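Please open the structure in your viewer and keep the selection panel at hand. The tour below moves from one selection to the next and says what is to be found at each stop.

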Amino acid sequence: DVFSLPQMSTFTLSPTSLGFGFQAQNTTSSPRTITLRSTGIRALPITSIVIDGEYAQTNNCGTSVAVGASCAINVRFKPVTPGSKVGTLSVTGGNGAGTNSVTLAGNGVRSSYTLSTSSLAFGKQPLNLASSAKTIILRSTGITPLPIKSIVFDGINPLQFTQTNDCGTSVAAGASCTIRVRFKPTSTGSKAATLIVIAGGGAGRKSATLVGTGVQSTFSVAPTALSFGNVARNATSAAKTARISNTGSVVLPIISIDL
């Protein structure tokens with residue numbers, strides 16, 4: 001009779017396979033979801049959820065799934081080396097439900113990029129005056145987005161240079177961003193530094209050398225004195241001229257002209 005029927009738990013996993021496509025080396029994919037549904041006439045005890053290969057999972061299944069209910073298993077792919085990667089997610093249920101599995105596949109790839117130049121020369125620059133910007137174009141040349149870890153200065157005089165960029169934390173495959181570098185010497189003489197880009201996804205670091213010379217601006221004023229003679233009260237004299245001459249080798253910044 002009906003009371004002699006086995007009180008079995010059963011469940012399904014959907015889909016039965018997940019493909020992650022191409023993923024940059026040492027970066028984590030967005031999650032893909034496997035739905036576990038309890039299809040038996042008794043609640044499904046969750047004995048284990050295990051995963052192998054270069055994959056990881058989180059889930060909200062708990063220790064048991066009610067009859068007719070479902071839970072989500074989110075799987076992420078993080079390849080540590082380039083190449084084809086295969087894995088398996090296996091769920092084991094109690095009450096005779098047994099084990100169901102999902103096959104996982106993806107390809108780890110190495111990100112790549114180029115810099116438009118390996119050096120920037122700023123020439124002579126007045127002390128404490130920032131130069132106009134010189135640009136370096138960073139182009140993502142791989143088939144996956146390029147993670148940007150850092151853009152920094154190193155070398156002998158790193159504090160004599162500044163940079164701004166629109167690269168953000170990632171550059172899409174085939175896209176580019178711009179790094180704008182300025183030179184602002186605080187002392188005279190030759191200055192050198194290195195701009196270093198460090199990218200993830202196995203792309204590594206690239207650099208550009210930066211050179212410039214800090215120069216003290218010089219000028220003269222002639223004449224050194226102006227004589228206006230006798231001028232009636234509240235009257236304005238005729239104009240007399242003092243000429244400022246840039247006697248140096250760089251642009252002369254004019255900070256103020258005061259009486």
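What follows is a walk through a predicted model, with cores, disulfides, aromatic rings and a charged pair as its stops.

**The largest nonpolar core**

Begin by selecting Tyr 113, Leu 138, Leu 146, Ile 179, Val 181, Leu 195 and Val 197, which are the residues that touch the most other members of the largest nonpolar core, a set of 23 residues. To see where this core comes from, colour strand 10 (113-115), strand 11 (119-126), strand 12 (134-140), strand 13 (146-154), strand 16 (176-183), strand 17 (189-199) and strand 18 (204-215), each of which supplies at least two of its residues. In soluble globular proteins, nonpolar side chains tend to be buried together.

Now centre the view on Leu 138 and display its surroundings; with residues up to four places away in sequence left out, Leu 138 touches Tyr 113, Thr 114, Leu 115, Leu 146, Ile 148, Val 171, Ala 175, Ser 176, Cys 177 and Val 197. Then turn to a second core, separate from the one just visited, which has 21 residues and includes Phe 11, Leu 18, Leu 36 and Tyr 55.

**A serine in strand 3**

Select Ser 38 next, which is placed in strand 3 (residues 32-38) and which counts as buried because its relative accessibility is 2%. If neighbours within four places in sequence are set aside, the contacts of Ser 38 are Thr 10, Phe 11, Leu 44, Val 65, Ala 66, Val 67, Gly 68 and Ala 69. Phe 11, on that list of contacts, is also among the residues of the second core.

**The two disulfides**

How many disulfides does a search of the whole structure find? The search finds two, and, with bonded cysteines counted along the chain, they follow the pattern 1-2, 3-4.

For one of them, select Cys 61 and Cys 71, whose sulfur atoms lie 2.0 Å apart. The torsion about their S-S bond is about 85°, so this disulfide is right-handed. Because Cys 61 lies in the loop between strand 5 (55-59) and strand 6 (64-65), while Cys 71 lies in strand 7 (residues 70-77), the pair ties together parts that are 10 residues apart in sequence. Cys 61 counts as buried at 4% relative accessibility, and Cys 71 counts as buried at 6%.

For the other, select Cys 167 and Cys 177, which are joined with an S to S distance of 2.0 Å. Here the torsion about the S-S bond is about 80°, so the disulfide of Cys 167 and Cys 177 is right-handed. Cys 167 sits in the loop between strand 14 (161-165) and strand 15 (170-171), and Cys 177 sits in strand 16, 10 residues apart. Cys 167 is buried, with a relative accessible area of 4%, and Cys 177 counts as buried at 3% relative accessibility; Cys 177 also appears among the residues that Leu 138 touches.

**Aromatic rings and the charges over them**

The structure holds six aromatic pairs, and two of the tilted ones deserve a stop. Select Phe 20 and Phe 77, whose rings are 5.9 Å apart centre to centre with 50° between the planes. Phe 20 belongs to strand 2 (residues 17-24) and Phe 77 to strand 7, 57 residues apart, and both are buried. Adding Tyr 55 to the selection completes one aromatic cluster of Phe 20, Tyr 55 and Phe 77. Display Arg 32 as well, since its charged end sits over the ring of Phe 20, 5.5 Å from the ring centre.

Move on to Phe 122 and Phe 161, where the ring centres are 5.8 Å apart and the planes meet at 55°, so that this pair too is tilted. Phe 122 is buried at 9% relative accessibility, and Phe 161 is buried with a relative accessible area of 4%. Over the ring of Phe 122 sits the charged end of Lys 134, 5.8 Å from its centre.

**The salt bridge**

Finish with the one salt bridge of the structure, in which the side chains of Glu 54 and Lys 85 meet at 3.3 Å, N to O. Glu 54 lies in the loop between strand 4 (44-51) and strand 5, whereas Lys 85 lies in strand 8 (residues 83-93), 31 residues apart. Is each partner buried or partly exposed? Glu 54 is partly exposed, with a relative accessible area of 22%, whereas Lys 85 is buried, with 12%.

Definitions and conventions:
Residues are numbered from 1 along each chain as its sequence is written. This is a predicted model: local features need pLDDT of at least 70, side-chain atom pairs count only at pLDDT 80 or more; totals for chains, interfaces and linings use all residues. Side-chain values use heavy atoms; hydrogens and water are left out. A nonpolar core is a set of buried Ala, Val, Leu, Ile, Met, Phe, Trp, Tyr and Cys residues joined through side-chain atoms within 4.5 Å. Buried means under 20% relative accessible area, exposed over 50%, partly exposed in between (1.4 Å probe, protein chains only). Helices (H or I, at least four residues) and strands (E, at least two) are DSSP runs, numbered from the N terminus. Contact means heavy atoms within 4.5 Å. A disulfide is a pair of cysteine sulfur atoms within 2.5 Å. Rings of Phe, Tyr and Trp (its six-membered ring) pair if their centres lie within 6.5 Å; planes under 30 degrees apart count as stacked, over 60 as edge-to-face and the rest as tilted. A charge sits over a ring if NZ of Lys or CZ of Arg is within 6 Å of the ring centre and within 35 degrees of the ring normal. A salt bridge is a side-chain nitrogen of Lys or Arg within 4 Å of a carboxyl oxygen of Asp or Glu.
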